[in-house]
Each structure stands twice: as structure tokens, then as C-alpha cells.
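Please open the model in your viewer and keep the selection panel at hand. The tour below proceeds from one selection to the next.

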Amino acid sequence: MKKTALFLAMSTAAVFTQAETVEVKLPTFYGKFNVTQEFVQQEDAGNFSQLNSNASRLGLKGDFALNHGLTAIYQAEFEIDVDGDGDVFKQRNTFAGVKGGFGKVQAGVFDSALKASQKKVDLFNDLQGEIKHVITNSENRVKNVVRYQSPKMGGVVLTADHINSEDETVNNGISASAAFSNDEVYLAYAYDSEVEGEAITVSRLVGQFNIDNVQLGALWESQDTDGDSADGYVASVAVKLSAVKLKAQYGASDIKAEGASTMSLGADYKLAKNAKTFVYITNEEAAEDAGSNQYYGAGIEYKF
């Protein structure tokens, strides 16, 4: 009996000794906290102040190897309200997919190809000066999307989104882009069909140029609604001076309202690799002959 027990123990130890080690790749936990104290002066109404969370977020993302040279990819990201307003968590870019030599396929909720095409031309993204407030209706994060994105071919990446309507009375949407990039230049053309609504198409051209410590950006957009078209544009410039980045941006558009315009000035001061403090001023005219509003803010941003 003792010999049998000893034999079983030795056999079990041998099995575990010869077993392969299985490594599980843990996801990356990441986030951004961006909080501003903002003072608002309204020409046709009273003044007030507010604390803004500016799309602060938390997320998990990762990948792991599959058979046949493929890699699984996934991400789950949620907006959080640091200032205590609104929902504690609001879904942002969340998807599952696979990538390989053919490119990448993913499905879920994420920024449309047209929205992503702007790259970093909008220097005041997530603040009052961002382009969605005055310039465009098409900064969309869409749900029920299947995306194909090609590998980089001669500097060009093609992206196509199929947006399921999940309703037999509503047409599916399409968002697509073609983008060329290298170290100094980024150029893109993007197109939406029935993403904003029935019979609405949008075209967008984007250019970004990096010259030493200067970044120049421009974006032009046209929205056609059943034959009626409206245009908008924005131009931006950023200059890095050691730990300081100076920023300026101007845009005008008839897309959201006729004669609307926005102008912003700002400065970022780098506190660490992933931390900065910043100030900004935005002047916004929501429509022609309408009163203008001014926004004065200071904030801090941490990324991890």
C-alpha cells in the first residue's frame, strides 16, 4: 500500500514537472483625468462659473495571440464625471476584434472613421473650443459598428465602418476614410452617408503639418442634407517652447447655424511626461447676429 501511494505521488509530480507553463497576458489599465475651472460670460444673459470633467475616462485594453498568426484585440472605456455631475460611468470606445497581416476588424462602439480622421487638428478637443460645438454635427461615436481597417500601404490607411441601424425602416450608415501619414505630414479624406440621419452626407478634408516645433492644422467639411449644403472650416497652430505649448485656433461654419464662429487661445505647461496644466480663452458666436459668449478656463490633466 505504501509503495502504491509513493508511486502515485511520484507520477503526479512528474506530470506537473513536464506540463507547459501557460502565460496569461494581463490587460492594460489606463485613464485620463482632465478637470477645468471655467468662467462663462454671456453677452445676452448672466455670467456664471462651472467645474468641468472634460471627458475624463477609465479603460481596459489588451491583446493576446491566436492561431494562424492572428492577434485578438479588445477595449472597454468609460467616461467618468470627476465634478460629480451626470452619470458615474458613460460608455466610450468599447470593442472586440482581431488583427493580422490583412489589417484589422473590430466590432462595438467607437468613434466613426470620419470623426477619427481629424487626428489632432482640433487643439481644444474636449474643451468648449472643440469643433463639435460650432463647426460640425459629425463628431460621432457610433454603436453597432463593424470596422475594417487596412494595414499601412505606402503611408496610406483605409478605414470603413458599417453602422447597423437594427431597424428595417432606417438605412444602415457608412463612414469611411483614407489617410496618408509620415513624420511630417498627415492628409485625410473622410465621408459619411446617413450617419447623421436620412439623406445626409458629409465630406471632410484634413491636413496636419509638423515643421520642427510648429504644428499647423486645417479641416474643411461639407454637409449635404437632401440637396441643401453647408460648409465649415477650422485652422489651428501650436508652437512648442521647451515645457510650454502655445495654441491658437479659429473656425467658422454654417453647418450647425448660419454664420457661427469660434476662436480659442491657450497655453499648456508640461509638469511631467503624462501631466500638464493649462489655460485657455474661447470666444464663441453660435449664429450670425447672435450674442457672443466668452469662456475663460484653467485646468490640469493626468494620463496613466
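**Salt bridges and surface**

Begin by selecting lysine 303, which is partly exposed with a relative accessible area of 45%; in this scheme buried means under 20% relative accessible area, exposed over 50%, and partly exposed in between (1.4 Å probe, protein chains only). The model is a predicted one, in which local features need pLDDT of at least 70 and side-chain atom pairs count only at pLDDT 80 or more, while totals for chains, interfaces and linings use all residues. Residues are numbered from 1 along each chain as its sequence is written, and side-chain values use heavy atoms, with hydrogens and water left out.

Add glutamate 301, whose side chain meets that of lysine 303 in a salt bridge (4.0 Å, N to O). The term denotes a side-chain nitrogen of Lys or Arg within 4 Å of a carboxyl oxygen of Asp or Glu. Glutamate 301 counts as buried, at 9% relative accessibility. Extend the selection to Lys32, Arg57 and Asp126, which are linked with Glu301 and Lys303 in a network of salt bridges.

How many salt bridges does the structure hold? The total is 14. Select lysine 25 and aspartate 63 for another of them, with the closest N and O atoms 2.8 Å apart. This pair links distant parts of the chain, 38 residues apart: lysine 25 is in the loop between helix H1 (2-18) and strand S1 (28-42), and aspartate 63 is in strand S3 (residues 57-65). Helices (H or I, at least four residues) and strands (E, at least two) are DSSP runs, numbered from the N terminus. Lysine 25 is exposed, at 53% relative accessible area, whereas aspartate 63 is partly exposed, at 26%.

Next, select arginine 204 and glutamate 139, whose side chains form a salt bridge (2.9 Å, N to O). Arginine 204 belongs to strand S12, and glutamate 139 to the loop between helix H2 (113-116) and S8, 65 residues apart. Are these two residues buried or exposed? Both arginine 204 and glutamate 139 are buried.

Move to leucine 205, also in strand S12 (residues 200-211). Leucine 205 is partly exposed, with a relative accessible area of 44%.

**The loop before strand S18**

Finally, select alanine 290, in the loop between strand S17 (275-285) and strand S18 (292-303). Alanine 290 is partly exposed, at 36% relative accessible area. Its C-alpha atom and that of histidine 133 are separated by 15 Å, with the two positions 157 residues apart along the chain.
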